[in-house]
Amino acid sequence: MARYELVKRSVALITLTNPPVNALSSAVRHGIAKTMERALSDPKVTAVVICGENGRFCGGADIREFAGPLRGPPLVPLLDSIEAGEKPVVAAIEGVALGGGLELALFCHYRIAHFKARLGLPEVTLGILPAAGGTQRLPRLIGIPAALELITTGRHVSAQEALKLGIVDQVTEQNACEVAVEFALRAVAKPLSSRRLSSLTTPCPPNLDALLEAVTMQIQKKARGVMAPLACVQAVRAAATMPYSQGIKRESELMATLFNSGQARALQYCFFAERTAGKWTLPSGAQWNDIKPREIRSAAVIGLGTMGRGIAVSLARVGIPVIAVESDKKLLETGRQMVIGMLERDAKRRGVSASHNLLKFTLGLQDLKDVDLVIEAVFEDMALKKSVFRELSKVCRPATLFCTNTSGLDVDALAGVTDRPQLVIGMHFFSPAHVMKLLEVVCGPRSSSEIVATAMSLGKRMGKVSVAVGNCPGFVGNRMLKPYSDQATFLLEEGATPEQIDKALEDFGFAMGVFRMSDLAGLDVGWRVRKESGLTGPDVDPKNPPRRRQGRKYCPIPDMVCEQGRFGQKTGRGWYMYDKPGGTKAKPDPLIQNLIEMYRNRYGIQPRNITDQEIIERCLFALANEGFRILEDGIAARPEDIDVIYLFGYGFPRHRGGPMFYASMVGLQRVLERLEHYHQAHPDVPHLEPSPLLKKLVACGSPPVQKWREHIKTMHSHL
Ligand SMILES: CCCCCC/C=C/CC(=O)SCCNC(=O)CCNC(=O)[C@H](O)C(C)(C)COP(=O)(O)OP(=O)(O)OC[C@H]1O[C@@H](n2cnc3c(N)ncnc32)[C@H](O)[C@@H]1OP(=O)(O)O
């Protein structure tokens with residue numbers, strides 16, 4: 001796990017060998033201890049270089065080991081002995097030096113980085129802090145403000161930025177190991193005392209308290225209820241105010257408060273869930289690592305509305321030539337200007353030049369005859385989409401892949417009107433498509449494994465977190481949203497206010513509560529869908545009992561809000577009022593309060609006091625319950641996929657892990673009991689009836705979320 005060689009007759013070269021990222025597993029730590037001991041005690045050795053195999057220095061501690069008891073040699077004493085030694089130790093950083101990897105490098109006397117390397121202390125993103133001296137050494141090396149920013153955000157820096165900050169001593173375009181060996185030879189016999197970070201005094205800004213206070217407030221605002229960044233601030237304060245020996249103790253104490261916390265477990269689960277989501281499997285047995293995706297050398301986007309523009313930008317910025325199509329001249333020109341503007345702003349932000357030359361704009365579908373792949377992004381209307389696909393079948397060559405950007409329509413019905421149903425798939429982007437990271441890849445029953453592989457790989461190329469899902473109304477994300485938002489409106493009827501419900505959800509960790517989020521998205525979209533599905537509007541049978549539709553409870557308050565022309569932020573009025581159309585500062589609106597009160601009076605509903613606990617339980621347990629049904633139905637293959645969809649597409653707080661992980665943390669037995677309780681109180685709300693899978697898992701002893709798959713695998717898959 002750590003290879004030892006003697007090079008240039010006097011330099012011990014220690015290479016970490018734990019692919020793929022040379023994580024510091026207990027075996028690697030043993031390896032480092034043994035090889036360092038050998039290097040420090042061998043009189044032939046005058047200097048030491050530490051590097052990583054396969055061009056990667058080290059991706060940090062082995063996160064998988066965090067779930068079990070800590071094993072292996074104690075870290076800090078081992079690392080202290082490296083620093084205290086009289087032989088210069090140089091870290092040769094290629095690829096990454098992250099977390100424990102960077103901490104290891106900070107114990108070395110010198111650091112040489114390859115120009116493509118990335119460095120950082122991302123522990124905070126895993127719910128912990130850099131507890132192998134990172135919070136005490138980095139501030140001593142680069143000062144409090146810079147260290148505070150890196151440690152509290154977990155941001156990775158480039159080698160060039162690391163050089164500017166003073167984290168590394170040299171950046172090279174050559175082999176970093178070879179450069180480090182030469183560097184080490186030159187360092188022999190130079191004094192090392194100023195290179196031992198533990199012996200330095202932390203350079204402290206005069207306004208330390210104000211700085212720490214400002215950062216704390218910023219964190220509390222941005223990451224409400226998240227523990228790790230606040231603990232990081234306290235650890236960095238210790239680096240500024242305590243000698244190293246005490247600071248390191250404080251670092252350990254703070255780590256102890258985080259290490260076994262639910263938040264750390266959730267965040268580490270998210271790290272692996274995100275990587276698991278890319279590993280799709282179809283019922284045929286075809287899977288991510290044995291189907292070759294098609295190479296996409298050209299693409300077309302049909303429709304230059306909000307979604308189409310974002311999709312065109314996402315394709316062009318990764319170097320794919322795009323033909324963008326609109327149906328009339330004016331729309332085409334507006335779309336062209338918007339796409340070019342977005343591409344330019346995006347390029348400016350990333351410090352690259354905008355790829356205008358990759359974009360072509362046209363009014364005619366016949367220009368698409370040779371493209372490799374088409375993404376249709378026209379208005380969400382089945383008839384319109386079908387007519388586009390019929391036309392495409394006539395125009396495009398037989399091998400062109402067809403994708404539809406729909407948020408919930410039947411992908412197989414669209415495939416059915418084409419001459420190539422096996423080459424049709426859904427690509428559900430989230431708005432704005434060039435910003436949002438989530439992509440639901442919707443596999444119809446006839447979608448071939450090749451198109452699944454291609455859509456998943458294209459998503460990855462565009463920088464998306466892609467999740468393969470089955471074809472059903474709303475797919476995974478939007479299907480689950482319904483029971484969640486239904487509960488919120490039922491709670492309004494029963495006595496809550498929009499602001500109370502939003503506050504409870506925001507205190508839970510959502511960036512926005514359900515009503516503020518609906519105002520942002522636009523209330524008219526859901527209204528149109530409800531009208532089309534016969535839930536409201538002139539098609540509703542007048543004999544239908546009030547507050548019931550299609551045999552179940554229905555709350556018409558959202559329709560009443562829309563009937564008043566209140567469509568959310570864009571109209572300046574929605575569930576809240578805004579200072580102007582397009583305004584973003586939501587204020588409670590007495591008119592909404594009146595509307596709800598009149599509604600309650602009309603139906604004789606006596607408002608009751610509703611607790612935050614009830615709001616959270618009803619909204620989130622209904623959400624997870626639908627997730628269990630989605631697993632039963634084979635629409636998602638794993639709970640991790642559902643969680644990733646909610647984390648990246650719906651603002652679910654990452655430190656809660658996602659709806660399914662959250663349910664497992666609350667305890668499946670408890671979720672079941674609460675759903676049974678609420679369903680008894682509301683028997684006409686089928687979404688509150690516990691799903692058979694939830695009951696089955698509870699009967700099997702509530703296994704951890706990673707094991708649920710074993711209980712689902714016999715079920716039917718729609719993927
Ligand atoms: C002797 C000193 C010891 C000090 C130890 C003190 C403790 C310190 C705490 C920590 O270090 S916490 C860990 C901090 N590190 C990170 O957060 C880095 C996590 N990894 C990444 O960000 C990325 O993986 C990467 C390193 C930038 C590489 O990205 P890339 O896109 O190239 O590959 P991935 O698909 O992400 O990863 C490949 C593969 O490797 C697994 N993996 C990555 N990092 C770790 C890790 N630190 N521990 C365990 N496993 C890791 C990842 O899950 C993938 O696995 P798969 O099975 O192939 O999906």
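Reader: Strand β14 (residues 401–404) runs parallel to strand β15 (residues 424–429); which residue of β15 stands opposite Cys403?
Author: This is a predicted model, where local features need pLDDT of at least 70, side-chain atom pairs count only at pLDDT 80 or more, and totals for chains, interfaces and linings use all residues. Residues are numbered from 1 along each chain as its sequence is written, and side-chain values use heavy atoms, leaving out hydrogens and water. Three bridges join β14 to β15, and two strands pair if DSSP finds at least two bridges between them. Across from Cys403, the residue in β15 is Ile425.

Reader: How are the strands and helices numbered, and which strands are at the edges of the sheet that holds β14 and β15?
Author: Helices (H or I, at least four residues) and strands (E, at least two) are DSSP runs, numbered from the N terminus. The open sheet has eight strands with mixed pairing, in the order β12-β11-β10-β13-β14-β15-β16-β17. The strands that pair on one side only are β12 and β17.

Reader: By what angle are neighbouring strands of this sheet turned against each other on average?
Author: Axes are lines fitted to C-alpha atoms (for helices, over the stretch in contact), and angles run from 0 to 180 degrees between N-to-C directions. With direction ignored, the average turn between neighbouring strands here is 25°.

Reader: What handedness does the β-α-β unit of β11, helix α13 and β12 have?
Author: Four bridges join β11 (residues 322–325) to β12 (residues 359–362), and these strands run parallel; Val325 faces Thr362 in β12. A crossover is right-handed if, with the strands pointing away from the viewer, the path from the first strand over the helix to the second runs clockwise. With helix α13 (residues 329–350), the two strands make a unit that is right-handed.

Reader: Helix α24 lies across β16 and β17; are α23 and α24 parallel, antiparallel, perpendicular or oblique to each other?
Author: Angles under 35 degrees count as roughly parallel, over 145 as roughly antiparallel, 65 to 115 as roughly perpendicular and the rest as oblique. Helix α23 (residues 612–632) and helix α24 (residues 639–649) pack at about 135°, with their axes 10 Å apart. The two helices are therefore oblique.

Reader: How many nonpolar residues are in the contact of α23 with α24?
Author: Contact means heavy atoms within 4.5 Å, and here Leu623, Gly627, Ile630 and Leu631 in α23 meet Pro639, Ile642 and Tyr646 in α24. Ala, Val, Leu, Ile, Met, Phe, Trp, Tyr, Cys and Pro count as nonpolar, Asp, Glu, Lys and Arg as charged, and the others, Gly among them, as polar. The contact has one polar residue and no charged ones, and its nonpolar residues number six.

Reader: Is the crossing of α3 and α4 left-handed or right-handed?
Author: Helix α3 (residues 100–107) packs on helix α4 (residues 134–142) at about 55°. A crossing is left-handed if the near helix is turned anticlockwise from the far one by less than a right angle, and right-handed if clockwise. For α3 and α4, the crossing is left-handed.

Reader: Which residue of β9 is the bridge partner of Ala113?
Author: Another open sheet, also mixed, has six strands in the order β1-β2-β3-β4-β6-β9. Three bridges join β6 (residues 110–114) to β9, and the two run parallel. In β9, Ala113 has as its partner Val171.
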